[in-house]
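The following note is offered to a colleague who is meeting this structure for the first time. It takes up aromatic contacts and then backbone geometry.

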Amino acid sequence: MTEAIALGIPSMREERPVLAPRRPTRRIRVGDLSVGGDAPITVQSMTTTKTHDIGATLQQIAELTASGCDIVRVACPTDKDAEALPIIAKQSRIPVIADIHFKPKYVFQAIEAGCGAVRVNPGNIRKFDDQVAAICKAASDAGVSLRIGVNAGSLDPRLLKKHGKATPEALVESAVWEAGLFEECGFHDFKISVKHHDVVTMVRAYQLLSEMGDWPLHLGVTEAGPAFQGTIKSCAAFGTLLAQGIGDTIRVSLSAPPVEEVKVGTKLLEFMGLRERKLEIVSCPSCGRAQVDVWSLAESVEEGLKSISAPLRVAVMGCVVNGPGEAREADLGCASGNGKGQIFVHGKVVETVPEDQVVETLIKHAEAMAEQMRAELGEDALKGTAPSVLAL
Ligand code: SF4
């Protein structure tokens, strides 16, 4: 018989320790969001559709929005893409950044189109420096911010020659030079990125840059690779920088569907205490003591609970050695052995069920806890962690 027990409300607004205070940066607007200052760190991604295929692009933006993306960037390589920007910017629920290389005229079109911001790559825009005053005026008049995006692969040839290769110093020199041109025009609404595919070079570049000004920084490891490698590179680089308080917005670059980038970015921020947590599975790695297939069980629990938006911490343990201890820390947990699973709610055993009923029993309790939170805190409290629902 099931013991009656108060399910309790997991703490959603708990004070979470962070590894370092945020480095003070100036705050800019990207559409209706803020980036920099004490604004929540945002997660960005980039569409992979042809931007001029408006339906496909808006569909992908909707999928990214649903997965927790805060800001989306779209490529703008042709006239047709530039002409699609007004509709995309208007219909997207999250701010759209136009990504401009080579042709300055698209910068002006993107500003006029109502994009939240425009990314410019000075190394790829011919005679870019001559255009800065006009770009500053157009952006200021429209209230649009910019990103100066320096990339190792398209570094200004003058700096490449001077430094021999895309060193941290070369990336930073390029960014600071361009920042100076904008600031000489009285324009300060821009953030900076200095991306490199090598983690150590990238980290060092951002560290150097953060010591030289209060620009909001967009973190990115460029061309990070396929999902497995790219995830590790991005987490190593972003984790190092975020642990030092550096970084105001992040983009995980993966050779994978962009929704995967957003999943990695949002979880990274959650795990670093920089974004309110959502569902978290705490599962043991299994060992010779395991009396259940922990890997399959953890996957089944994760799959079964994927629709739960409540910030539950669910422990899945292979035996009773660490089960009760982990379960005490978790909101919900199970420890398996001898063909049975003990179900814990806030550290107390509430049920013991046959092993093949563990997943469904955890789902039952998780849904009950989520329902209780919804009743006590309101529906909005469970609607994800997008900065738009956080107090700025
Ligand atoms: S909880 Fe048990 S099965 Fe899992 S790693 Fe620890 S000792 Fe091994």
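1. Rings of Phe, Tyr and Trp (its six-membered ring) are taken to pair if their centres lie within 6.5 Å. The model under discussion is predicted, and a search of the whole structure finds three aromatic pairs. In one of these, the rings of F182 and F187 have centres 6.1 Å apart and planes at 50°, so the pair is tilted.

2. The rings of F187 and F190 have their centres 6.5 Å apart; their planes stand at 15°, so this pair is stacked. Together, F182, F187 and F190 form one aromatic cluster.

3. Are the members of this cluster buried or exposed? F182 is buried, with a relative accessible area of 1%. F187 also counts as buried, at 2% relative accessibility, and F190 is buried at 0%.

4. A charged side chain joins the picture at F190: R26 lies over the face of that ring, at 5.4 Å from the ring centre.

5. Turning to the backbone, most residues other than glycine have a negative phi. S286, although not a glycine, has a positive phi of about 80°. S286 is found in the loop between β11 (280-283) and α10 (294-304), and is partly exposed, with a relative accessible area of 27%.

6. N338 is likewise not a glycine, yet has a positive phi of about 55°. Where is N338 placed? The residue lies in the loop between β13 (332-337) and β14 (340-345). At 70% relative accessibility, N338 counts as exposed, because the cut-off for that class is over 50%.

Conventions
Residues numbered from 1 in each chain as written. Heavy atoms only, no water. Helix = DSSP H or I, 4+ residues; strand = E, 2+ residues; numbered from the N terminus. Buried < 20%, exposed > 50% of the residue type's maximum accessible area, 1.4 Å probe, protein only. Phe/Tyr/Trp six-rings, centres within 6.5 Å; stacked < 30°, edge-to-face > 60°. Lys NZ or Arg CZ within 6 Å of the ring centre and 35° of its normal.
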